[in-house]
Amino acid sequence: MSSTSMLRLLRLVEQDHIHITDASRVEKILSNLVAAGKQKLRVISDFDQTLSRYAFNGVRCPMSHDVIAQSNLMSEPTRAKVKKVVDYYYPKEISLTIPLSEKIQLMVDFWTQIHDIFLASNLNQRDISSTIRDSSPPLREGCDTFMSTLHRHDVPLLVFSAGLGDVIQEMFSKYNMVYPNCRVVSNFMKFDGAGKLVGFHDPLIHIFNKNKSVLPDESYFTDQRERTNVILLGDSPGDLQMADGVPNVENVLKIGYLNAHLDRLDTFTELYDIVLVQDETMDVVNSILKKILDSQT
């Protein structure tokens with residue numbers, strides 16, 4: 001299929017790591033986003049391995065739960081226990097043959113077991129904060145530009161994560177990326193007056209229920225009803241439901257990071273409008289945002 005002008009302008013063609021199945025459809029969405037401008041735009045993004053890197057200098061980066069689970073706050077036997085749980089459930093999470101109805105309960109069990117291990121480990125809020133600041137994974141190259149650009153243009157960003165919200169917020173603070181236009185919906189820890197971890201706030205958010213059903217209140221989407229154009233960023237099929245609940249949606253541009261398991265490329269290109277293969281940057285997203293935001297400056 002021949003490429004179209006908007007795709008060429010944004011350099012989204014003729015790059016081996018960028019995959020677009022329906023170029024004419026993506027061209028139309030992009031044109032609509034640019035024509036409508038920033039007043040109608042909102043961005044919804046996953047965090048782990050979407051805003052954060054999958055790998056850095058050839059080494060796999062930890063996800064937000066891993067920052068705690070693999071740290072010195074956990075004993076060696078406890079880390080081994082976490083690994084056993086992950087080794088059992090992760091293949092089920094990414095399986096293409098297990099029906100979603102079965103996966104949902106498996107993921108509830110997965111997250112609950114990890115959280116129960118945390119609760120049994122006598123964790124303290126101060127130690128957790130220190131560990132996050134010392135050991136947090138690097139963010140994708142250009143994430144600082146992504147965050148600051150959305151803030152500067154007052155475009156709302158919802159970071160929707162099945163990870164640990166405490167880690168995400170501490171990382172944003174570490175990298176000076178705390179902005180009022182950004183909200184984080186994730187699993188947050190609950191501490192007692194002495195700072196001891198005593199639980200997790202409801203609801204439990206796992207990879208397959210990241211939708212309006214777990215939002216704290218409807219205002220996350222309804223406060224700005226005029227923002228009916230969405231850029232959605234994710235790295236798994238489960239992330240595609242993150243925009244469910246946005247009222248009167250007109251255009252959704254779905255950008256997916258395929259970090260590993262490259263045999264899933266066909267599946268990803270069926271689900272996402274633009275698929276970025278082993279791309280540890282925010283370059284494509286930032287170029288699209290620049291085109292949308294510059295159209296009215």
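This briefing walks through two helices, one pocket and a handful of notable backbone spots. Please keep in mind that the model is predicted. Helix α8 is largely enclosed by the rest of the structure, because seven of its 10 residues are buried. Helix α4 runs over residues 76-93 and carries a kink of about 25° at D87. The second largest pocket holds about 220 Å³ of space.

**The second largest pocket**

- The space in the second largest pocket comes to about 220 Å³.
- Its lining is made up of 15 residues, and P156, N181, R183, Y220 and Q224 are the closest to the pocket centre.
- Two or more lining residues come from each of β2 (41-45), β5 (157-164) and α9 (219-222).
- By character, the lining splits into eight nonpolar, three polar and four charged residues.

**Helix α4**

- Helix α4 has 18 residues, and from its first C-alpha to its last it reaches 25 Å, close to the 26 Å expected at 1.5 Å a residue.
- If you follow α4 along the chain, you meet its kink of about 25° at D87, shortly before the proline P91.
- The buried residues of this helix are T78, V82, V85, Y89 and E93.
- Those buried residues of α4 pack against two other helices, α3 (64-69) and α5 (100-119).

**Helix α8**

- Helix α8 spans residues 165-174, and seven of its 10 residues are buried, so the rest of the structure largely encloses it.
- The buried residues here are G165, D166, V167, I168, E170, M171 and F172.
- Their packing partners include the helices α3, α6 (125-135) and α7 (143-152).
- Strands β5, β6 (182-187) and β7 (189-191) also pack against the buried residues of α8.
- Just after α8 comes N176, with a positive phi of about 55°.

**Backbone spots to look at**

- The peptide bond from D202 to P203 is cis, and its omega is near -5°. You will find P203 in the loop between β8 (197-200) and α9.
- N248 is a residue other than glycine with a positive phi, near 55°. This residue sits in the loop between β9 (229-234) and β10 (251-258). N248 counts as exposed because its relative accessible area is 57%, and exposed means over 50%.
- H261 is not a glycine either, yet its phi is positive, at about 50°. Its place is in the loop between β10 and α10 (265-271). With a relative accessible area of 38%, H261 is partly exposed.

**Links across the sequence**

- How far apart in space are R25 and D273, which are 248 residues apart in sequence? Their C-alpha atoms lie 8.3 Å from each other.
- R25 belongs to helix α2 (residues 23-36). This arginine is partly exposed, at 39% relative accessibility.
- S236 is found in the loop between β9 and β10, the loop that also holds N248.
- Is S236 buried or exposed? It is buried, because its relative accessible area is 10% and buried means under 20%.
- Leaving aside neighbours within four places in sequence, S236 is in contact with I207, F268 and Y272.

Definitions and conventions
Residues are numbered from 1 along each chain as its sequence is written. This is a predicted model: local features need pLDDT of at least 70, side-chain atom pairs count only at pLDDT 80 or more; totals for chains, interfaces and linings use all residues. Side-chain values use heavy atoms; hydrogens and water are left out. On a 1 Å grid over the protein atoms alone, a cavity is a set of points where a 1.4 Å probe fits but cannot get out, and a pocket is an open set with protein on both sides within 12 Å along at least five of seven lines; lining residues have an atom within 4 Å of a point. Grid points are joined across faces, edges and corners, and a volume is the space filled by probe spheres set on the points. Helices (H or I, at least four residues) and strands (E, at least two) are DSSP runs, numbered from the N terminus. Ala, Val, Leu, Ile, Met, Phe, Trp, Tyr, Cys and Pro count as nonpolar, Asp, Glu, Lys and Arg as charged, and the others, Gly among them, as polar. Buried means under 20% relative accessible area, exposed over 50%, partly exposed in between (1.4 Å probe, protein chains only). The expected span of a helix is 1.5 Å times one less than its number of residues. The bend at a residue is the angle between axes fitted to the seven residues ending there and the seven starting there. Contact means heavy atoms within 4.5 Å.
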